[in-house]
Each structure stands twice: as structure tokens, then as C-alpha cells.
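Subject: Structure handover

Hello,

Here is the structure for your next round of work. My notes on what was found in it follow below.

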Amino acid sequence: AKREVPLAFTVVREDTVRYRNRLDTCWVVQVTGRGGPPGFDYFNWVSRRTRQLLQAAFLKPDAPAQFWIRRR
């Protein structure tokens, strides 16, 4: 069944990531209201220059386990 899920996007900081052998300044965007692993926060790194999603992660502040998705 299809259902709508309300999401909130908040830019929490800027960060620099390497993408295709180039450093790219990104907005780090926290996404709330989305299902994911319990206890994890969901973040996206969005290029300021191209507006592309370069990486995403489910992060848990008090645990070493993290789930990363990176564009290559």
C-alpha cells in the first residue's frame, strides 16, 4: 500500500567530501520523519556546486556502527 511520509530537511553544517578526485563543499542535511534503523539519524551530503546528492548515511552518535552510501 502506498502512503505519504512527512519529512523535514534541516541543513546542520557544511562539510567537504572527495567526489571523483575533486573536493566538493557540501551541505550536510539531516532528514527526520523517515523510517530507518532504530536509533540512527539519517544525513545527506548535497553538493553546493551541483546540488547532487554525493553521499548519505545512517549514523548513531554513541555507536561505531554506521551505514554509508556514497556516489562514485
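Strand β1 covers residues 8-19 and strand β2 covers residues 22-32; the two pair in the antiparallel sense over 11 bridges. Please keep in mind that this is a predicted model. β1 and β2 form a hairpin, with 2 residues between the strands. One point to check in your own torsion plots is R20, which sits in the turn and has a positive phi of about 50°.

Two pairs give the register of the hairpin. R18 has L23 in β2 as its bridge partner, while T10 stands opposite Q30 of β2.

β2 also pairs with strand β3, which spans residues 41-47. These strands run antiparallel too, and 6 bridges join them. Here the register can be read from C26, which stands opposite S47 in β3.

On the surface, V5, L7 and F9 make a nonpolar patch of about 290 Å². V5 belongs to the segment before β1. Is V5 buried, partly exposed or exposed? V5 counts as partly exposed because its relative accessibility is 43%, and that class lies between the cut-offs of 20% for buried and 50% for exposed.

As general background for reading the strands, side chains in a regular strand alternate between the two faces of the sheet.

Regards

Note on methods
Residues are numbered from 1 along each chain as its sequence is written. This is a predicted model: local features need pLDDT of at least 70, side-chain atom pairs count only at pLDDT 80 or more; totals for chains, interfaces and linings use all residues. Side-chain values use heavy atoms; hydrogens and water are left out. Two strands pair if DSSP finds at least two bridges between them. Helices (H or I, at least four residues) and strands (E, at least two) are DSSP runs, numbered from the N terminus. Patches are made of residues with over 30% relative accessible area and no salt bridge: like charges are joined within 9 Å, nonpolar side chains (Val, Leu, Ile, Met, Phe, Trp, Tyr) within 5 Å. Accessible areas come from the Shrake-Rupley method with a 1.4 Å probe; for residues, only the protein chains shown count as cover. A salt bridge is a side-chain nitrogen of Lys or Arg within 4 Å of a carboxyl oxygen of Asp or Glu. Buried means under 20% relative accessible area, exposed over 50%, partly exposed in between (1.4 Å probe, protein chains only).
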